[in-house]
Amino acid sequence: MAGLFGGGAGRDVAARQLRVGVIGAGHFGRFHALKAAASPRESLVGLHDPDHARAAAVGVEAGGAPALALDDLLACCEAVVIAAPAEHHFALADRALRAGRHVLVEKPIASTLEQADRLAALAAGTGLVLQVGHLLRYSAEHDAIAGRITRPLYIEATRIAPFKPRGTDVSVILDLMIHDLDLVLAIVDSEIVDVDALGAAVSSPHEDIANARVRFANGCVATITASRISLKTERRMRLFSEEGYLSADFVKRELTMIGRDKGLLLPGTGGFRREAVSWTDHDTLAAEHAAFAAACLDGAPVLVDAQAGRRALAAALAVTDGIAAVRALWERSGLVSGAASRSAPP
């Protein structure tokens, strides 16, 4: 039923705008509102946030969209973008889907796998679009990697940044690491069989730094590090496969591929070539909104659907469980103090 208010490709549908409401007027909600207001295929009809004044201010910035009560917003829109804190994702998405509205929900899709399954079943049963906001799937960096490495043997990903208060309502796993988990899962066509992980809370009540080693059924291994308490920003990914070796620096927007197909011949290497690529990032959030509108209005496939969101959540929860197991070992061995005697984070 994609296109509950009208579907099917065609000139009339392509010209029509999707009436979108934004739930949550915080950091990401503001950006979503601005993108919806600027989109040629979307019309921002209103915002909802417990902070009515904040929603009103963002609405003015986005062209005059009103701040509305949730029921009023659901009554006048065809689709919603949910950019509320993560613990509210399930309840809000469930309410919107039951109201017959398409949903773009920020990552993570929900707090538990049971909740994710319930949302997936509800969307499938109603024929509504349920898209999960794993933004990097729409990025130039994802396209650059996926177009060159299709059968990775080993992946190493690093995503570190200085501390910012925003995002500390969840752990660094759900805040930052889940981006790379989703990218890895999009590249590796296999199920996770084992996760070793460790992490620590430093400046917030949740883990601020984490490392995970993820093993897949096909033998591929991924090592992922995430930190939000670093002195610098670094975002890198390295991949090894029979196709070659790829190193990507997402901050510098540079990629190097050592393989046999493209680039300058490297003397003395038996036919290997070096390909150096740089790219200019496009507006990934605008691309995400365009994909959402196409799914709702035209019935286009959903790139990051509920199952993709669930898979990323399952991986993140496995990392969280691994960290908890290691923490319990540390406490039993006396390596760290127990939970009861732990001082509050600075």
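**Entry 1: serine 171**

In which loop is serine 171 found? I looked this up in a predicted model, and I found serine 171 in the loop between β6 and α8, the latter covering residues 172-187. I then asked whether serine 171 is buried or exposed. With a relative accessible area of 7%, serine 171 is buried, the cut-off for that word being under 20%. Setting aside residues up to four places away in sequence, I listed what serine 171 touches, and the list reads His206, Glu207 and Arg228.

**Entry 2: the chain as a whole**

I next stepped back to the whole chain, whose secondary structure comes to 10 helices and 14 strands. The radius of gyration is 21 Å, and the globule rule gives 20 Å for 346 residues, so the chain is as compact as a globular protein of that length. Along its principal axes I read a span of about 60 × 60 × 35 Å for the C-alpha trace.

Of the 346 residues in the chain, 47% are buried. I also looked at contacts between residues at least 6 apart in sequence, and 66% of these join residues at least 24 apart. The accessible surface comes to about 15700 Å², and carbon and sulfur atoms account for 56% of that surface. For charge, I noted 36 positive and 40 negative side chains in the chain, with the centres of the two sets 4 Å apart.

**Entry 3: the aromatic rings**

How many aromatic pairs does the count come to? The count comes to 2 aromatic pairs. In one of them, the rings of tyrosine 154 and phenylalanine 240 have centres 5.8 Å apart and planes at 40 degrees, so I entered this pair as tilted. Tyrosine 154 lies in strand β6 (residues 152-160) and phenylalanine 240 in strand β10 (residues 234-241), so the pair ties together parts that are 86 residues apart in sequence.

Phenylalanine 240 also pairs with tyrosine 245, where the ring centres are 4.9 Å apart and the planes stand at 40 degrees, so this pair is tilted as well. Taken together, the ring pairs link Tyr154, Phe240 and Tyr245 into a cluster. I checked the accessibility of each member: tyrosine 154 is partly exposed at 23%, phenylalanine 240 is partly exposed at 36%, and tyrosine 245 is partly exposed at 26%.

**Entry 4: helix α5**

Why did I write down helix α5 as largely enclosed by the rest of the structure? In this helix, which runs over residues 89-98, 7 of the 10 residues are buried, so the rest of the structure largely encloses it. The buried residues are His89, Phe90, Leu92, Ala93, Asp94, Ala96 and Leu97. As a reminder to myself, an α-helix has 3.6 residues a turn, so residues three or four places apart point the same way.

I then looked for what covers the buried residues of α5, and the cover includes the strands β1 (18-23), β3 (79-82), β4 (102-106) and β5 (130-133), together with the helices α4 (70-76) and α6 (113-126). Just after α5, I came upon glycine 100, which takes a positive phi of about 85 degrees.

**Entry 5: lysine 35**

Lysine 35 is found in helix α2, residues 27-38, and with a relative accessible area of 25% it is partly exposed. Which residues is lysine 35 in contact with, leaving aside its neighbours within four places in sequence? I found Glu42, Asp283, Leu285, Ala286 and His289. I followed up aspartate 283, which is 248 residues away from lysine 35 in sequence, while their C-alpha atoms are 9.8 Å apart in space.

**Entry 6: two backbone details**

While going through the backbone, I found that lysine 107 and proline 108 are joined by a cis peptide bond, with omega about -5 degrees. Proline 108 is found in the loop between β4 and α6, two elements that I had already listed among the cover of α5.

I also noted arginine 253, a residue other than glycine whose phi is positive, near 60 degrees. Arginine 253 lies in the loop between β11 (244-249) and β12 (254-259), and at a relative accessible area of 34% arginine 253 is partly exposed.

Notes: Residues numbered from 1 in each chain as written. Predicted model: local features only at pLDDT ≥ 70, side-chain atom pairs only at ≥ 80, totals over all residues. Heavy atoms only, no water. Helix = DSSP H or I, 4+ residues; strand = E, 2+ residues; numbered from the N terminus. Rg over C-alpha atoms; globule rule 2.2 N^0.38 Å. Buried < 20%, exposed > 50% of the residue type's maximum accessible area, 1.4 Å probe, protein only. Contact = heavy atoms within 4.5 Å. Areas by Shrake-Rupley, 256 points an atom, 1.4 Å probe, with all protein chains shown as cover. Lys, Arg positive; Asp, Glu negative; His and termini not counted. Charge placed at Lys NZ, Arg CZ, Asp CG, Glu CD. Phe/Tyr/Trp six-rings, centres within 6.5 Å; stacked < 30°, edge-to-face > 60°.
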